[in-house]
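Got your viewer open? Load the model below, and let's take a walk through it.

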Amino acid sequence: MKKKVISILLVATMVAAMVTGCGNSPASDSSSNDGASAGGGDLSDKKVGVCIYQFSDNFMTLFREELENYLISQGFSKENITIADGANDQATQTGQIDNFIADNVDVLIINPVNSSSAETITDKVVGAGIPLVYINREPDAAEEKRWEDNGWDVTYVGCDARQSGTFQGEMIVDLGLDTVDLNGDGKIQYIMVEGDPENVDAQYRTEFSVKALTDAGLEVDCLSDQVGNWQQDQAQQIVANALGQFGNDIEVVFCNNDAMALGALQAIESAGRTVGTDIFLVGVDALSEALEDVLAGTMTGTVFNDHFSQSHSAADAAINFVKGGSNAYYIGCDYVKVTQDNAQDILDMVK
Ligand code: BGC
């Protein structure tokens, strides 16, 4: 099990107003609540089913590995923890959930392929009398209200992505207009590379990164806003095309996650541009490759998406349910802004 990181976490101000990237719809509100903590007891014969939307996702790989290690450290047997790869296909994942139900698992931890399928998933799982912990892809507010109204053993564990978007924007603001406004027109020209819209994190990061700029009084000019589906190769292509189309006009590249920022960096370097000198680049997650880039100056900054805290909270919530206890309906955590100043500390933690 990796080190705990909760002690270094920062609390950021949550903002209610919405802005858009290159024109997105407003987001719904999400309330926060106390977390869960689990007591002792024998868990070695309890069965846990875990559904991950897609094993090839870099961030969810860190998450699921930590989740498994932590569940074992809390007393579950390795052979009683089954983790299924949804392969980014809801029908596949639904079949896996059916199998877990048929297998009589004691609790399910689900990272849905389509968060919009949460209602159907909840009905199925609650109907089978199995407690449910959603992770990473937050169901909408109406769905979460249903859990509460019905007193169901269902919860969501995740971080509020508005905070990560705000941190991305603040890292650009902190550089100062004179540094970032390379063409001297008084505006920040940026491109946005968005994650898969099935995770509300994509929408929030897009909105709140730009909002941090405008809140600081900066004028912005969105040159391109495209969906890279959290994928490095897709982002590389998007940014290569944007650099071909807009060239030196692009001052900032916002990527909703680090995998896409790594793809963006490949495109930036191929185009002969230099991060920190003639373009700025930010991501989210704090993957170790991205942290190395932040240290080397080839990425302006990233935001630590705390997979330790999220996986531990998810496991603790599952344990509470298994022991007949209850959980808050929303269990949150904080992001951490990462610049050259603290990248080594975060790297030491995640490695
Ligand atoms: C992470 C992404 C990841 C996505 C999966 C986000 O919170 O930042 O890296 O691809 O979750 O749903």
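The tour goes from the ligand and its surroundings to a pair of aromatic rings. Keep in mind along the way that this is a predicted model.

**Stop 1: the ligand.** Select the ligand and centre on it. You're now looking into the largest cavity, which is where the ligand sits.

**Stop 2: the shell.** Next, select Y53, D57, F59, N136, R137, N199, D201, R205, W230, N257, D285 and N305, the residues around the ligand. Try colouring them by character: the shell splits into five charged, four polar and three nonpolar residues.

**Stop 3: polar contacts.** Which distances should you draw here? Start with N136, which has a polar side-chain atom 2.6 Å from a ligand oxygen. Then pick R137, where a polar side-chain atom is 2.9 Å from an oxygen atom of the ligand. Finish with N305: an N or O atom of its side chain lies 3.3 Å from an oxygen of the ligand. Now switch on the surface and see how much of the ligand is covered: on its own it has 320 Å² of accessible area, and the protein covers 99% of that.

**Stop 4: the aromatic rings.** Leave the ligand and show the aromatic side chains. How many aromatic pairs does a search of the whole structure find? It turns up five. Zoom in on one of them, Y156 with Y330: the ring centres are 5.8 Å apart and the planes make an angle of 40°, so this pair counts as tilted.

**Stop 5: the strands behind the pair.** Show the cartoon and select residues 154–157, strand 5, which holds Y156, along with residues 330–331, strand 11, which holds Y330. The pair therefore ties together parts that are 174 residues apart in sequence.

Notes. Residues numbered from 1 in each chain as written. Predicted model: local features only at pLDDT ≥ 70, side-chain atom pairs only at ≥ 80, totals over all residues. Heavy atoms only, no water. Near = heavy atom within 4 Å. Polar contact = N/O pair within 3.5 Å; in protein donor to acceptor, adjacent residues only side chain to side chain. Areas by Shrake-Rupley, 256 points an atom, 1.4 Å probe, with all protein chains shown as cover. 1 Å grid on protein atoms, 1.4 Å probe; cavity = no way out; pocket = protein on both sides within 12 Å on 5 of 7 lines; lining within 4 Å. Sits in = over half its atoms within 2 Å of the grid points. Nonpolar A, V, L, I, M, F, W, Y, C, P; charged D, E, K, R; others polar. Phe/Tyr/Trp six-rings, centres within 6.5 Å; stacked < 30°, edge-to-face > 60°. Helix = DSSP H or I, 4+ residues; strand = E, 2+ residues; numbered from the N terminus.
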